[in-house]
Amino acid sequence: MKDEITREERVDNLKGMGCSRKRVEDARFTQGKGNYVDDLKLDGMLFGDFVRSPYAHARIKNIDTAAALEVPGVLAVLTAKDLEPLGLHWMPTLAGDKQMVLADGKVLFQGQEVAFVVAEDRYAAADGIELVEVEYEELPVIVNPFEALQSDVVLREDLVAEDGSIPDGAHGPRKHPNHIFTWDAGDKAPTEEVIASAEVVAEETMYYHRTHPCPLETCGCVASMDKVNGKLTLWGTFQAPHAIRTVVSLISGIEEHNIRVISPDIGGGFGNKVGAYPGYVCSVVASIVTGKPVKWIEDRMDNLMTTAFARDYHMTGKIAATPEGKITGLHCHVTADHGGFDACADPTKFPAGFMNICTGSYDIPTAYLEVDGVYTNKAPGGVSYRCSFRVTEAVYFIERMIEVLAIKLDMDAAELRRINFIKKEQFPYTAALGWEYDSGDYHTAWDKALKAVDYEGLRAEQAQRVADFKAGKTRKLMGIGLSFFTEIVGAGPVKNCDILGLGMFDSCEIRIHPTGSAIARLGTISQGQGHATTFAQILASEIGLPADSITIEEGDTDTAPYGLGTYGSRSTPVAGAATAMAGRKIRAKAQMIAAYLLEVHDNDVEFDVDRFVVKGAPEKFKTMKEIAFAAYNQAIPGIEPGLEAVSYYDPPNMTYPFGAYVCVMDIDVDTGVPDIRRFYALDDCGTRINPMIIEGQVHGGLTEALAVALGQEIAYDDMGNCKTGTLMDFFLPTAWEVPNYETDYTVTPSPHHPIGAKGVGESPHVGGVPCFSNAVQDAFRPFGNTHTNMPHDHWRIWKTANDLGLHD
Amino acid sequence: MIPAAFEYYRPTDMAGVLSILAEHGDDARVMAGGHSLIPMMKLRMADVPHLIDLQDVGGMSDITVGADSITIGAMVTQHDIIDNAELTAAAPILREAALQIADPQVRYIGTVGGNVANGDPGNDMPGLMQCLNASFTVVGPDGTREVAAREFYEAAYMTAREDDEVLTQVTIPLPAGGYAYEKQKRKIGDYATAAAAVQIVKEGGSCVSASIAMTNLSDTPVYSDAAGAALVGTAVDDAAINAAIAAMLGDIDPTEDNRGPVAFKKHVAGVILRRAIARARSRA
Ligand SMILES: Cc1cc2nc3c(=O)[nH]c(=O)nc-3n(C[C@H](O)[C@H](O)[C@H](O)COP(=O)(O)OP(=O)(O)OC[C@H]3O[C@@H](n4cnc5c(N)ncnc54)[C@H](O)[C@@H]3O)c2cc1C
């Protein structure tokens, strides 16, 4: 049989890996036909909403719900007293702490959930909330973690023993009632020794401010308890639906098979939708109590003020080097502000996430990291906002320390990076703080980036600008921001990564239909990443059926195989690997079927794009479509009917994407207004599945990086009032504020990943934040600036200029 | 973000509006575009038991450019201002300012009347109207009266308009000379960190009249008579501009907020005014 189309055309028809296939999701999103949790309307559905604390720290003397219950349409008002008999007034957090579902005697942050009003509609609920009378007795407020560690004011009385002693926490001994844990990595004494004896040591203290992922869709859920069959269905904005099912089962006592968790379309997560929130628990309880479905949806202020924040790391660094600039040691201490409850979302053994990737892309022989977690009167959270666990903090830290060292050495920061990079031949490379980097070629990427932007030319232009400024010819300075980052994503190997005891593997289950199309289900859940597009591409290349004939389904725990969800750039590294492995199982069976149909031995056929061909006789073949049909309509000796496979993938290691970014910025010294003239981003995410989606992810991640670096902040006053609860003050950039991004790439596949892919969704954020920040700081370097804290909003930039005397 | 319950009215003439206002006193409020009022109601910072929508009243959506003055109906949207070539030719500062308000979506709905009546120190049009020496026509139970923009603003959200009056029209004497509206903001859709409206008339190299108003630097817009006076009779050179800035700084009274502390705001106000004057001078 002769084929009418060429091999190249057959490859194209699959739209497999490497193809900029258009996103299949967009047809519905661009037509407003997405289906988000708030679109869900069920018969008799009720609406629940919270009475929230106006105070950051107060005792609750009394809650009077009588007037609220008089409001027409208000059916119930739940308080901690109602949840206590069920043991649900507190719930476990992902970090091994516990958190009040509803205020149990006191509140620890402004906006804390105090009572849950259940009503026939949102309007009645809102009116009911107004009428719940809560009597508070204000307590002293602590918003500064350093003060918390000195203070006599105990925030968490539940964590202090009767005799005043301080029991260990989930991560070991605590040294003060407001202290959560000390966690360290690396070698303390040798590092201190290296620093003490080094010829050059640069030191810096920096605050990585508190911010928030702020997904466009806020958090919410609908809980529906069917009292007849005992089944609970929970729809919600869950980045990890299976984990939520297990958590709900553990805390409610409902058997896991009776719980179905569904994540419908999700409008962005960025870490904000990983944790479990009081709204979920209260909706479930309210549904059990009323026998009706109950919806809870946050408004923007609820989201910004109460559900998971990110960052809030006070970091102190010391970096030692030779006079020539070879780094010999790194010391980092972090005071981590976790708010009123420790609800960080990190793998159990990593209470500071992967902060110990803070040696960055550099060959640093000796290092030590120590992190102290602290309670304050701020909202709980501490999620990884568009990054793997605390990697943005780590990369910001090292990329600032490199700049600070360059200043100390009076050296060019690009050159300082170059002479310290881990070399290509050193991979796999074991870093001083323990991680084994899988692959990298940093020098090639760096040289490509510097050449692309004409780095020398930029520096010359900058020197001229400084001269012009000093001569009074201009009031604008020019900053060149550099950043070279190494990410650590794809959590992770079950041997050291779990969340609440659940190993961080992931999964894919494939069913091939008789006519040669397929459905694949995964344990992950897209929130805009385009999984339905890219996972079909992986499969297309693996099993030889067109991506357009493959449906990807995620987010329904009744149908999808168990997985740990989507965050920390783990979907492609883990579930993507599972997909490839499941595809290979399909292919193995298909090979046997093909051999049978072609009447040759199994080993005499080989896979070629979309078919199995007889080795040496390419005109003899069976297409995957034909094979699929045969799997269902022929009795093949020794082979079961059907064509299905499932794979659970436990990654042998993390993956380590990297990249080289350069930002060119002009800064108006008099107003503090920055103008981003150019942004160049080179990403190496290993094998590239869909270049267009990668580019989209890079644009999004960079834009969130710009936001964080230049103004996005959750700020509190001394009374613990959140000052940034609306989008008027919480900086969310628009198209207007966003520059053109130039994207570029190199490809260094992961050696341990089935298709060599490393993950890209978070790299641009991780690398982008220090790049924007370094640009601002670099503009002021010629005038004596070493470091100023983000966010670099107008007034803080202005203050930098002012402090340097540039307004005199 | 759910407002308290309210009664919604949609009268078709001004008499209908006034009678509802008369009946409910300060429990009633008119709504134009709703883009300032509705957010306040949703935050429950404004309690409006009786909400009167002005959309169907009619007769307040015209822009007329006359021989010596311009009239703009209260329901004219900010977008209408941007879109009107005749108006732009007569008073180009209006378009320059309107383009710096909010974003296109807000400008399609937000009105001139709502913007000037609101009394929010962050609104851009009150300062603009003070610079242009506009007057506002208000109608109430006792008929119609005119209030000068420069006398309209008493404190944040407090204006010379009585609760039972409706603002129907803005009248602007035809402006002359060079103009500039300069605004610093944190992002598109943000209110000003500092903004300046400037009109300058020059004759033979010397400034014969100058009008300067500042926005979001006090609890009301600030018309700085002294700043304008500092330019009159000068060539609008650096010394004169410095004097104008010094005079303006004496009239503003900014407070610290998320945009920054007072020292920063004062400094930026000076920079913005300097730029506005320079641009207006270049166009005079
Ligand atoms: C995201 C966003 C950004 C914004 N940015 C800016 C900005 O940069 N600069 C700026 O100036 N504005 C800004 N605004 C406000 C916007 O311009 C408003 O539309 C405007 O301030 C009010 O106009 P309105 O027609 O919407 O008035 P409404 O909201 O309907 O009314 C505002 C107030 O004025 C009263 N009122 C309205 N019309 C009359 C009338 N005819 N007679 C008497 N009283 C009346 C109302 O009772 C109410 O108290 C922004 C708004 C939003 C939502």
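Trainee: Is Cys214(A) buried or exposed?

Mentor: Buried. Cys214(A) has 23 other C-beta atoms within 10 Å, and the cut-off for buried is 20 or more. Keep in mind that this is a predicted model.

Trainee: Where does Cys214(A) lie?

Mentor: In the loop between strand 10 (200-211) and strand 11 (220-226) of chain A. Its phi is near 45°, a positive value in a residue other than glycine.

Trainee: And Asp410(A), buried or exposed?

Mentor: Exposed. Asp410(A) has 6 other C-beta atoms within 10 Å. Phi is positive there too, near 55°. Asp410(A) sits in the loop between helix 11 and helix 12 of chain A.

Trainee: Switching to the core. Which residues touch the most other members?

Mentor: Val117(A) and Val198(B), in the largest nonpolar core, which has 341 residues. Helix 11 (residues 391-409) of chain A gives the largest share, 12 residues.

Trainee: What is Val198(B) in contact with, leaving aside neighbours within four places in sequence?

Mentor: Among them are Cys131(B), Tyr179(B), Ile212(B) and Ala280(B).

Trainee: Now the ligand. Which residues come nearest?

Mentor: Ala32(B), Gly33(B), His35(B), Gly110(B) and Gly114(B), out of 29 around the ligand.

Trainee: Which element gives the most to that shell?

Mentor: Helix 7 of chain B, with 5 residues. By class, the shell has 14 nonpolar, 12 polar and 3 charged residues. Domain 1 (7-53) and domain 2 (63-172) of chain B each supply at least three residues.

Trainee: Last one. Where does a cis peptide bond join Met and Pro?

Mentor: At Met790(A) and Pro791(A), with omega about -10°. Pro791(A) lies in the loop between helix 19 (763-780) and helix 20 (794-803) of chain A. The bond from Phe427(A) to Pro428(A) is also cis.

Terms used: Residues are numbered from 1 along each chain as its sequence is written. Chains are lettered from A and ligands numbered from 1 in the order in which they are written. This is a predicted model: local features need pLDDT of at least 70, side-chain atom pairs count only at pLDDT 80 or more; totals for chains, interfaces and linings use all residues. A nonpolar core is a set of buried Ala, Val, Leu, Ile, Met, Phe, Trp, Tyr and Cys residues joined through C-beta atoms within 7 Å. A residue is buried if 20 or more other C-beta atoms lie within 10 Å of its own, exposed if 12 or fewer, and partly exposed in between; C-beta atoms are placed from the backbone. Helices (H or I, at least four residues) and strands (E, at least two) are DSSP runs, numbered from the N terminus. Two residues are in contact if their C-beta atoms, placed from the backbone, lie within 7 Å. A residue is near a molecule or strand if its C-beta atom, placed from the backbone, lies within 6 Å of it. Ala, Val, Leu, Ile, Met, Phe, Trp, Tyr, Cys and Pro count as nonpolar, Asp, Glu, Lys and Arg as charged, and the others, Gly among them, as polar. Domain bounds come from an automatic or database domain assignment.
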